[in-house]
Amino acid sequence: MATATENVKKTMDKAQEGAERAHAAGTQAFREGVDKSLAGMAELNAEGKRNFEAFVECATAATRGAEALTSHAVSLGKKGWEDGLSAAQTLAQARSIQEVIELQTSFTKNWVETYLSEMTKATEIMSSSVKDSFKPINDRVTATVERMQSVR
């Protein structure tokens with residue numbers, strides 16, 4: 001009978017050892033899973049922060065572009081007003097209809113040239129503003145795509 005008791009005890013000891021190994025393996029797997037989840041959450045949080053910072057950079061660049069465009073428009077309006085006043089004063093001093101026509105033709109030619117030049121500058125300001133505004137988002141998209149491709 002002692003041998004049956006010893007066999008039961010050995011079997012129980014082996015079962016307990018197996019249960020302890022299974023428990024240790026389960027605990028280790030759980031810890032690794034939690035660590036991976038926490039690392040993933042931290043990376044997701046960091047990614048969200050970088051995306052938000054890129055959005056703020058976009059808004060800041062757009063604001064700077066709008067300010068530059070507004071400043072350009074104000075300066076163009078001021079210059080137009082001053083040129084118009086000067087033209088009116090010069091026309092008022094004209095001594096003949098022929099001189100008025102020549103002066104008006106000259107003013108009109110200068111106005112058209114100035115207009116085209118200033119619209120080109122405004123287009124460049126707008127283009128630069130749009131490019132600067134989208135750069136941070138484009139950089140984030142590129143980084144995300146590269147990261148996704150590296151994970152594959």
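How many salt bridges does a search of the whole structure find? The search, run on a predicted model, finds eight salt bridges. Three of these pairings are described below, after an account of the overall fold, and four further residues then serve as points of reference along the helices.

The chain contains two helices and zero strands. Its radius of gyration is 39 Å, whereas the globule rule gives 15 Å for 152 residues; the chain is therefore more spread out than a compact globule. Taken along the principal axes, the box filled by the C-alpha atoms is roughly 140 × 25 × 10 Å. Helix α1 covers residues 2-92, and helix α2 covers residues 97-151.

Burial and contacts were computed for the chain as a whole. Of its 152 residues, 10% count as buried. The accessible surface amounts to about 12,200 Å², and carbon and sulfur atoms account for 63% of that area. Among contacts between residues at least 6 apart in sequence, 77% join residues that are at least 24 apart. The chain carries 19 positive and 21 negative charges, and the mean positions of these two sets lie 6 Å apart.

Side chains of opposite charge can pair when their charged atoms come close. One such pair in this structure is D13 and K9, which form a salt bridge with their closest N and O atoms 4.0 Å apart. Both residues lie in helix α1, where a spacing of four residues places them about one turn of the helix apart. D13 has a relative accessibility of 34% and so counts as partly exposed. K9, at 53%, counts as exposed, because the cut-off for that class is over 50%.

A second pair within one helix is formed by D139 and K135, whose closest N and O atoms are 2.8 Å apart. These two residues are in helix α2; because they are four residues apart, about one helical turn separates D139 from K135. D139 counts as partly exposed, with a relative accessibility of 40%. K135 is also partly exposed, at 48%.

Which side chain meets E47 in a salt bridge? The partner of E47 is R140, with a distance of 2.4 Å from N to O. E47 belongs to helix α1 and R140 to helix α2, so this salt bridge ties together parts of the chain that are 93 residues apart in sequence. E47 and R140 are both buried. With regard to shared partners, salt bridges join E43, E47, R50, R140 and R147 into one network.

Contacts between residues distant in sequence were also examined at S129, which is placed in helix α2. Is S129 buried or exposed? Its relative accessible area is 10%, so S129 is buried, as the cut-off for burial is under 20%. When neighbours within four places in sequence are left aside, the contacts of S129 are A61, A62, G65 and A66.

F107 is likewise found in helix α2. The relative accessible area of F107 is 24%, so this residue counts as partly exposed. Not counting residues up to four places away in sequence, F107 touches A87, T90 and L91. A42, by contrast, lies 65 Å from F107 in space, C-alpha to C-alpha, and the two residues are 65 positions apart in sequence.

Two residues of helix α1 give further distances along the structure. A25 lies in helix α1 and is partly exposed, with a relative accessible area of 47%. Between A25 and L116 there are 76 Å in space, C-alpha to C-alpha, and the pair is 91 residues apart in sequence. S71 is found in helix α1 as well, and S71 counts as partly exposed at 46% relative accessibility. From S71 to S37 the C-alpha distance is 51 Å, for a separation of 34 residues in sequence.

Terms used:
Residues are numbered from 1 along each chain as its sequence is written. This is a predicted model: local features need pLDDT of at least 70, side-chain atom pairs count only at pLDDT 80 or more; totals for chains, interfaces and linings use all residues. Side-chain values use heavy atoms; hydrogens and water are left out. Buried means under 20% relative accessible area, exposed over 50%, partly exposed in between (1.4 Å probe, protein chains only). The radius of gyration is taken over C-alpha atoms; the globule rule is 2.2 Å times the number of residues to the power 0.38. Contact means heavy atoms within 4.5 Å. Accessible areas come from the Shrake-Rupley method with a 1.4 Å probe; for residues, only the protein chains shown count as cover. Lys and Arg count as positive and Asp and Glu as negative; His and the chain ends are not counted. The place of a charge is taken as NZ of Lys, CZ of Arg, CG of Asp or CD of Glu.
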